[in-house]
Amino acid sequence: MSQTDEPAPEQESLPGTVVLRKDSGDDLQWADLRPATTWIRTHWVLACALALIAAQLAWKGQFLGHLFFRQDDFHDLDLAVEHRFTWSYLTFIGSGHLIIGLRVIAWVLVRIGGTYNWGLASAVTLVFVAAAGLAALRLLRDLFGERPAILIPLVIYLLTPLTLPDIGIWSSAMESVPLQLATFMALSAHLRYVRTERRGHLLSAGFWMAFGLIFFEKGLVLPVLLFALTVAYLTDRRSLLDGALRSLAKYWKAWALYAALVVAYLAILAIALRTSATQPKVPIAFGNVITFAYELVRDTFLPGAVGGPWQWFPVPGGSFAFGAAPHALVALSAVAAAAVIGASLWFRPSAWRAWAILAGWIILADVVPVAIGRLNAFDVNVLGLETRYLADATPILALCLGLAFWPLREVSAESVRPSHVVRRPASGQVTYRIVAIAMATFVFGSVWSSQAYENVTSGSTYAAYMASATQATRLAPRGTPVFDVGVSSNMVEGFFGAYALQSKVIGDISPGKLRWIRHPSGTIDGLHMFGSDGKLYPAYVYGTTSLPLPAGKKCYPARHGRVLIPFLHLSPAFTGMLRIGYLMYSNSPAVVTVKYGTHARPLTLEPGLHSGYVPISGSVASVMVYGLGGAGLCVGDAQAGNLRPNLLSQPISSLAK
């Protein structure tokens, strides 16, 4: 080895540095990480917050990986496939919600990623989840500064199981999560406007309010939230009434902007509601409203706020679950809520304002919309267990928890009023231990509840179904006739009408590729049906079949222009379809009459070997075909019953492999 080839002597690394090797492999270079470590030590609260946001993003990404589209998701995506990007499409209301933002995203997704790309849709959800988490951190820093205490409301917002079922349904996530983002950002921008009175912050607050409204009509409550926060915490006043008057006078530009946005949105909503299948209605019984509100808070919100509900009640199909908090947790959460509220009032007598703001949001944003939209049509007790109704309340919970316990970053005159004096705990160590135990309990409960939700839900069945249907659609010859029936009601409920049919759910994978037949009638060759596994099978009539022909015979005998086809058994009472296999020796179509019991139906025959379908009903022992005229007709077989996929035959996707 030459002198130049000798290895470089080992060098002792300096604290806070890391060894990097150049491409040549000969020299060592040292990167100084001390500025980064110094920043982390200085801003460890911010670093912890960012790590928490990243961790919950990875956790929710894993959670979304085991789900798939369901119910409204298919409807919204099918609408996007079928419509051009027009104002009528954007403002179309199917079931009472004006969701312009969702319409935009769905329209883009189906054109860049395919009709049912769950991975891409989940990525969009996670982008909003990440943005909402960062916005929550921004607001908490704006309100309370970069103090360790802000990690408590941040953790509660990030981990509460109340948001989990919401993001598991894509259409719900595209309503609620953008609203959560808009709530945090509008609050932050409005807070900065109140502190600085800069026009840019006001315009930013208006933008985020409009952003929230575009995705969810619950954004109509945002101006009320901003006004309540301003009066209760951001205005120097002698009383709440005085604070309200001062706020109206001093920040009139903000209220005028917010009011203009609300009026414009309400005008659009009023026009768009003409297309809605459901209209806002006054509840039939006011007692139902009270019952719903009570159960929503007692059985769903309070258990969720402490990390519950611990256990879930899955819907048929297993793609979603309602909260099913045990009685012990319901009682425990009520005690915990009373303890938290009591402690906040002891340390900060003005904390009642924060809890009043939270209660107001739940009433206006979560109780009233359900009361006027769904309470007359659904069971009150079931609606009270619907966690999705409370997902938008989680930002307000985090906000009000902070307002109840900690002073704002900027000290104002209100902080020296006797009613706002902060009582210091007698023993700081005891308080810290109580808080640590409470947070550890919350985190454990949240993880337990989240895992329990994963254990009882799955989208694998629907994902496999759509994967098979996609493959079958791609491989089937163009124009393949397919009997059009509804998909599983667990996948898309029948109240979606035509959008619950396979011609929509599957047909929109490749519009125009298959020939969908809702009511088979006449000559149809090669009729197929999708099975419950999403594969495309030949269709057959399940029920009874014709008597076998004698050996050597291929056609039932024709006498005096009539052909009698006897069945092996009486056709079933549920019979709805008759299939006749025939061969016609003719150069042109002919029309015959098919007599089934007391009913007679025309059937158009095509030259050659074909299958003819006749809708019928009832139970009979035989069927007759007459009116043959000069047509040479050979009837070889017949079946009466109902159409089903022939699972014993090879599906199209398997034949193509």
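**Exercise 1. Find which residues of helix α5 are buried, and state what they pack against.**

Solution. In α5, the buried residues are Ile-100, Gly-101, Leu-102, Arg-103, Ile-105, Ala-106, Leu-109 and Val-110. Buried means under 20% relative accessible area, exposed means over 50%, and partly exposed lies in between, with a 1.4 Å probe and protein chains only. The model is predicted: local features need pLDDT of at least 70, side-chain atom pairs count only at pLDDT 80 or more, and totals for chains, interfaces and linings use all residues. Residues are numbered from 1 along each chain as its sequence is written, and side-chain values use heavy atoms, with hydrogens and water left out.

Next, take the packing. The buried residues of α5 pack against α3 (72–82), α4 (87–90), α6 (118–144), α9 (170–196) and α10 (199–215); contact means heavy atoms within 4.5 Å. Helices (H or I, at least four residues) and strands (E, at least two) are DSSP runs, numbered from the N terminus.

**Exercise 2. Compare the span of α5 with the expected span, and state what follows the helix.**

Solution. Helix α5 covers residues 100–112, which is 13 residues. The expected span is 1.5 Å times one less than the number of residues. For α5 this gives 18 Å, and the model reaches 19 Å from the first C-alpha to the last, close to that value. After α5 comes Gly-114, with a positive phi near 95 degrees.

**Exercise 3. Describe the salt bridge of Arg-103, then the one between α6 and α9.**

Solution. A salt bridge is a side-chain nitrogen of Lys or Arg within 4 Å of a carboxyl oxygen of Asp or Glu. By this rule there are 10 salt bridges. One of them joins the side chains of Arg-103 and Asp-76, at 2.9 Å from N to O. The two lie in distant parts of the chain, 27 residues apart, with Asp-76 in helix α3 and Arg-103 in helix α5. Both Asp-76 and Arg-103 are buried.

The side chains of Asp-142 and Arg-192 also meet in a salt bridge, at 3.0 Å from N to O. Asp-142 belongs to helix α6 and Arg-192 to helix α9, so the pair ties together parts that are 50 residues apart in sequence. Asp-142 has 7% relative accessibility and therefore counts as buried. Arg-192 has 27%, so Arg-192 counts as partly exposed.

**Exercise 4. Locate the salt bridge between two strands and give the burial of each partner.**

Solution. Asp-637 and Arg-579 meet through their side chains in a salt bridge of 2.7 Å, N to O. Asp-637 is in strand β17 (residues 632–645) and Arg-579 in strand β12 (residues 577–585), so parts 58 residues apart in sequence are tied together. Asp-637 is partly exposed, at a relative accessible area of 24%, whereas Arg-579 is buried, at 16%.

**Exercise 5. Give the strand order of the five-stranded open sheet and identify its edges.**

Solution. The order is β10-β11-β16-β13-β14, with antiparallel pairing. β10 (558–559) and β14 (599–605) are the edges: each has a single partner strand, so one side of each lacks a neighbour in the sheet. Two strands pair if DSSP finds at least two bridges between them. Strand β13 (residues 590–596) and strand β16 (residues 622–626) run antiparallel and are joined by three bridges. Thr-593 stands opposite Tyr-626 in β16.
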